[in-house]
Amino acid sequence: MEITVVGCGAVTAVGQGIDSLRAAIRANSSGLRSCARFKTPIYQSDILGAVPNGGLVDDPVFHLADLALREARAQAAATLDKFPPARIGFVLSTTKANIEALERLIDGRPCSESAQKHLQAHGLAADLAATHGAAGPVQTISLACVSGIVAIQQAAKLLQRDAVDAVLVVGVDCLSPFVAAGFSALRALDPLGCRPFDRDRNGLSLGESGAALVLARGHGEITICGWGGSNDANHLTGPARDGSGLVLAMRRALKAAKISPRDIGYVNAHGTGTPYNDAMESLALRSVFGDECPPVSASKGMLGHTLGAAGIVETIICILAAQEQLLPGTPRLTAPADGAPTQLLKEPRAATNLRHILKLGTGFGGVNAALVLRHG
Amino acid sequence: MANLVITAASIVTPDDLNRFQFGMRFGRLDSVCQLGLAAVEALGIDFASQPRDQVGICVATDNGSLSTDVEYWRRRNEPGGASPSLFVYTLPSMVIGEIAIRHGLTGPTLCLMGGSDGLLTEAADMLRRDEATACICVYCDVVSALAAETIHLPATARACAVYLQRGVQGLHVLAANDRDIIPLCAKLCT
């Protein structure tokens, strides 16, 4: 049974709407910039992937997710109109929901009832589902930085077992002092902004995004055709250095999609820009693809690490790549590190017959995920 | 497809934590991870005899890391600033990492927020798709006294777990209407 993408929406550091994302891919531009959102210099870096004019509303995660869902639903209207609300499911991916509400409550600042309700991820999911006419099953996934990929997987499973006829999938996380302070404490932020797979990379940059997909059964231009997950069982915050966990996830996804490594035409890496992640990911790609690694790029130099939204917004980048037959570049990459993937794309490049795409993710707690998309 | 069978079940509270030998590092874990690990330990499964790359871990929680979130943010202005070791536990899914590390499990994982209903459905689906041959299912929920005061929620600390396998003898054959792990554990552990 095929699961097809019938709508996409996104709000990111490069602007509101899929068209802004498409333009940024073509231009290989970055939305990372020095931003006065927080009281730096108590944090390690003020280079952020901030949504333009973001952070100004009472309930920012609801706002970003709502914008993304509106765009995705508009694209998918012809499909969604066929189904009653009870047959439309909803899957939310987030790591911290509206954590800003907790900051306000503890600091004694005003906090609206809805903002406080959305501190709980499932409260946020329930309100977004109700606002967007999804009265079917609701799931809330919080699996660190692979949440988005797993949310897409869970939506596909709901469709495959006929629990729903369509699913709204949304990923969202906002920039917050809570998260910035934590990554600063871990010394995980690059003061110069993230540079995935660069020889001088020195950490990640935080970003924010709302990103949404609408999935349904049937054959379409883009299908979700396989996924795989694994755990490193190694360390809570660092990846298994040999990449064995990510290798497992990739092999499971390829097996589920019933394809071989040579069928993959492009890999969108997790590519955080931290020294260990990118080295591990390079090793894992070599283990799976050997000397014939397909073109690889990473999108966090464009958007920052958007945490719970990352797997979804970066999957949307893969979808745009397939639709445009344009392999995205790796914004902010200057000089590839030793051992980086052989076909690491610094700049965008035209593709010929790009059919299968592999999206990768890894996260705290040793989690790994891989997703295979097919075009045509 | 062979029957899916629960071969072990457990319920734990904070009073049970000292029943198990976890080593020095255990004291540094947050209470969600401590309870989750204890619930898995109470299953009494010898994971060394299991195909560890084929054991999945599915976790459900209502309040996730909320208690650790409150502690981390309240203590951010202490000398030394925000604690990196507390920050690590401000993700609801960290209990999955702790379980995987302790038992060397490299199968697929899932973390659902918003209650225990549906956890067993997703674990069963994982097995039926052959993504794993067995699955540890854990419901774990903690609201500390400090979090309860801050967020105006009732304090709680409880965890339960089952081990779900395919086609073996066990405590209970999973039925289609066995969605919620909490009442099922209550029944099986009585």
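**Exercise 1. Strand β8 of chain A**

Strand β1 (residues 3-12) of chain A pairs with β8(A) in the antiparallel sense over 8 bridges. The model is a predicted one. Task: state where A10(A) finds its bridge partner in β8(A), which strand joins β8(A) through a further set of bridges, and how many residues of β8(A) are buried.

Solution.
- Step 1. Start from the pairing with β1(A): A10(A) has A211(A) as its bridge partner in β8(A).
- Step 2. Turn to the other pairing. Strand β7 (residues 166-173) of chain A is joined to β8(A) by 8 bridges, and the two run antiparallel. Here V169(A) stands opposite L213(A) of β8(A).
- Step 3. Count the buried residues: 8 of the 9 in β8(A), so by the cut-off of 20 or more other C-beta atoms within 10 Å the strand is mostly covered.

**Exercise 2. Chain A as a whole**

Task: decide from the radius of gyration of chain A how compact the chain is for its length, and describe its contacts by sequence separation.

Solution.
- Step 1. List the elements: chain A has 12 helices and 15 strands.
- Step 2. Compare the radii. Chain A has a radius of gyration of 19 Å, and the globule rule gives 21 Å for 376 residues; the two are close, so the chain is as compact as a globular protein of that length.
- Step 3. Add the box: along the principal axes, the C-alpha atoms of chain A fill roughly 55 × 50 × 40 Å.
- Step 4. Add burial: 65% of the 376 residues of chain A count as buried.
- Step 5. Look at the contacts with a separation of 6 or more. In chain A, 79% of these are between residues 24 or more positions apart.

**Exercise 3. Two helices that cross**

Task: describe how α2 (residues 60-75) and α6 (residues 121-131) of chain A meet, giving the distance and angle of their axes and the residues involved.

Solution.
- Step 1. Geometry: the axes of α2(A) and α6(A) come within 11 Å and cross at roughly 35°. The crossing of α2(A) and α6(A) is right-handed.
- Step 2. Residues: α2(A) brings V61(A), F62(A), A65(A), D66(A) and L69(A), which meet L124(A), D127(A), L128(A) and T131(A) of α6(A).
- Step 3. Classes: this contact has 6 nonpolar, 1 polar and 2 charged residues.

**Exercise 4. Buried or exposed?**

Task: classify F197(A), H152(B) and G290(A) as buried or exposed, and place each in its loop.

Solution.
- Step 1. F197(A) is in the loop between α8 (177-185) and β8 (209-217) of chain A. It has 29 C-beta neighbours inside 10 Å and therefore counts as buried. Although F197(A) is not a glycine, its phi is positive, about 65°.
- Step 2. H152(B) is in the loop between α6 and β5 (156-166) of chain B. With 9 C-beta neighbours inside 10 Å, H152(B) counts as exposed. H152(B), also a residue other than glycine, has a positive phi near 60°.
- Step 3. G290(A) is in the loop between α10 (275-289) and β11 (296-298) of chain A. There are 10 other C-beta atoms within 10 Å, so G290(A) is exposed. From C-alpha to C-alpha, G290(A) is 21 Å from D198(A), and the two are 92 residues apart in sequence.

**Exercise 5. The side of chain B that touches chain A**

Task: give the number of residues of chain B in contact with chain A, then the elements and classes on that side of chain B.

Solution.
- Step 1. In chain B, 36 residues are in contact with 36 residues of chain A.
- Step 2. The elements of chain B that give two or more residues to this side are α2 (66-74), α3 (84-87), α4 (94-103), β3 (109-113) and α6 (145-151).
- Step 3. The residues on this side of chain B divide into 19 nonpolar, 12 polar and 5 charged.

**Exercise 6. Helix α4 and strand β4 of chain B**

Task: explain why α4(B) is described as largely enclosed, and find the pairing partners of β4(B).

Solution.
- Step 1. In α4(B), 8 of the 10 residues are buried, so the helix is largely enclosed by the rest of the structure.
- Step 2. What covers these buried residues includes β9 (222-231) of chain A, along with α1 (31-41), β2 (55-61), β3 and β4 (134-143) of chain B.
- Step 3. After α4(B) comes G104(B), with a positive phi near 65°.
- Step 4. In β4(B), 10 of the 10 residues are buried.
- Step 5. β4(B) pairs with β2(B) in the parallel sense over 6 bridges, where C58(B) has C137(B) as its bridge partner. β4(B) also pairs with β5(B), in the antiparallel sense over 10 bridges, where I136(B) has Y163(B) as its bridge partner.

Notes. Residues numbered from 1 in each chain as written. Chains lettered and ligands numbered in written order. Predicted model: local features only at pLDDT ≥ 70, side-chain atom pairs only at ≥ 80, totals over all residues. Helix = DSSP H or I, 4+ residues; strand = E, 2+ residues; numbered from the N terminus. Rg over C-alpha atoms; globule rule 2.2 N^0.38 Å. Buried ≥ 20, exposed ≤ 12 C-beta atoms within 10 Å, placed from the backbone. Contact = placed C-beta atoms within 7 Å. Nonpolar A, V, L, I, M, F, W, Y, C, P; charged D, E, K, R; others polar. Pairing = 2+ DSSP bridges. Axes fitted to C-alpha atoms, helices over the stretch in contact; angles between N-to-C directions. Left-handed = near helix turned anticlockwise from the far one by under 90°.
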